[in-house]
Protein chains: 2
Amino acid sequence: MTSAGKPDWNGCPTRYAAAIVGDKWCFLLLRDVLLHGKRTYREFLASPEGISTNILANRLAKLEALGMFTREPDPRKASSVCYFPTQKAKDFLPALVTMMVWATQYDDVTEAPASFAASYADDPAGTIAWYEAEIDRVDQALRRG
Amino acid sequence: MTSAGKPDWNGCPTRYAAAIVGDKWCFLLLRDVLLHGKRTYREFLASPEGISTNILANRLAKLEALGMFTREPDPRKASSVCYFPTQKAKDFLPALVTMMVWATQYDDVTEAPASFAASYADDPAGTIAWYEAEIDRVDQALRRG
DNA sequence: ACAAAACACTTGCAATATGCAAGCACACAA
DNA sequence: TTGTGTGCTTGCATATTGCAAGTGTTTTGT
């Protein structure tokens, strides 16, 4: 919040998005949760970018505070913890997928299959719905224990 | 580049996007150019976020190196400089607009008019086309001098 | 012609954030 | 009871940032 009591983004939607996405590690954690089905501290730590433990703890707290993740005990093992995406995070999927399509177009060493951009071009809503279904599948399986 | 000669994003489209967008200042400069018609150092400096001069110079160089901006003499005044968005930057517009729609939905103090989200919901392609036309209008007027 | 202003940066330095390695508290397992 | 896995926290060296001031070049005004 600013001294006037207004939030840092001050009403600008781009700045609101920048507060969450305009940070490399938050952005990649969002990817891990929305696209790669990761939910635990250990899984995040294992990502190839190599986030360090203090930064990971800091960003998980930030994303929880921003209402993107919920922190819950792991149903499979009480001593462990899961971070689940909230509806707000899931609603970010279209933006994330749109960025992936753009990146796939301009990155000449992309690992994304050509079929990804093609399937998005053919049916954007369907492509996003597929990712949403994957997220729900992961979370429902996890919560069942 | 990594020691193996592969780029930092290493083929991951999200990481490719993160290299550009996963930085508050690059993200906001992209907004200024794509959405607010800003093209000069002075205009960027005047944004309410208050970027400092060294960071601005650093990020303009970065965005130029990444192929997002071109640096050209100002046709109105030879001593001044303009930064124009490349096609790559313009193609990022759908992602930026998608993020704005998301932010407008979740930011309860948004300054974005309700008509923005409504018009996007009604005609996404048309909304993006409108922004694209604005960019071209600004750039063509500028280059005419 | 000359002085002053504008412009796009650059530099120095203090404050903040990051990366790395180690340590810690707790739960569970053998 | 000894060890292992898990999710952190802490200390410290290094890197990045923000701020203020300065630099060199080009206009502008008189």
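Let me begin with a term: a polar contact here is a pair of N or O atoms within 3.5 Å, and within protein one of the two must be able to donate a hydrogen and the other to accept it, with residues adjacent in sequence counting only if both atoms are side-chain atoms. By that definition B:Asn54 makes such a contact, because an N or O atom in its side chain is 2.8 Å from a base nitrogen of DNA strand D.

Before going on, this is a predicted model, in which local features need pLDDT of at least 70 and side-chain atom pairs count only at pLDDT 80 or more, while totals for chains, interfaces and linings use all residues. Residues are numbered from 1 along each chain as its sequence is written, chains are lettered from A and ligands numbered from 1 in the order in which they are written, and side-chain values use heavy atoms, with hydrogens and water left out.

Staying with DNA strand D, A:Thr53 has a side-chain N or O atom 2.7 Å from a base oxygen, whereas A:Val81 uses a backbone N or O atom, 3.2 Å from a phosphate oxygen. Around this strand there are 18 residues (a heavy atom within 4 Å of it), and sugar and phosphate make up 60% of the strand's atoms that come within 4 Å of the protein.

Turning to DNA strand C, 18 residues surround it, and among the closest are A:Asn54, A:Arg59 and B:Thr53; here sugar and phosphate account for 55% of the strand's atoms within 4 Å of the protein. The side chain of B:Thr53 places an N or O atom 2.6 Å from a base oxygen, while phosphate oxygens lie 2.8 Å from a polar side-chain atom of B:Arg71 and 2.5 Å from a side-chain N or O atom of B:Ser80.

How are the two protein chains related? A rotation of 180° with 0.0 Å of shift along its axis superposes chain A on chain B, with an RMSD of 0.0 Å, the fit being by least squares on the C-alpha atoms of residues with pLDDT of at least 70 in both. That is the relation of a two-fold axis, and in chain A the C-alpha nearest the axis belongs to A:Gly22, at 2.2 Å. The same surface serves both copies, since 100% of the contact residues of chain A (heavy atoms within 4.5 Å) recur in chain B.
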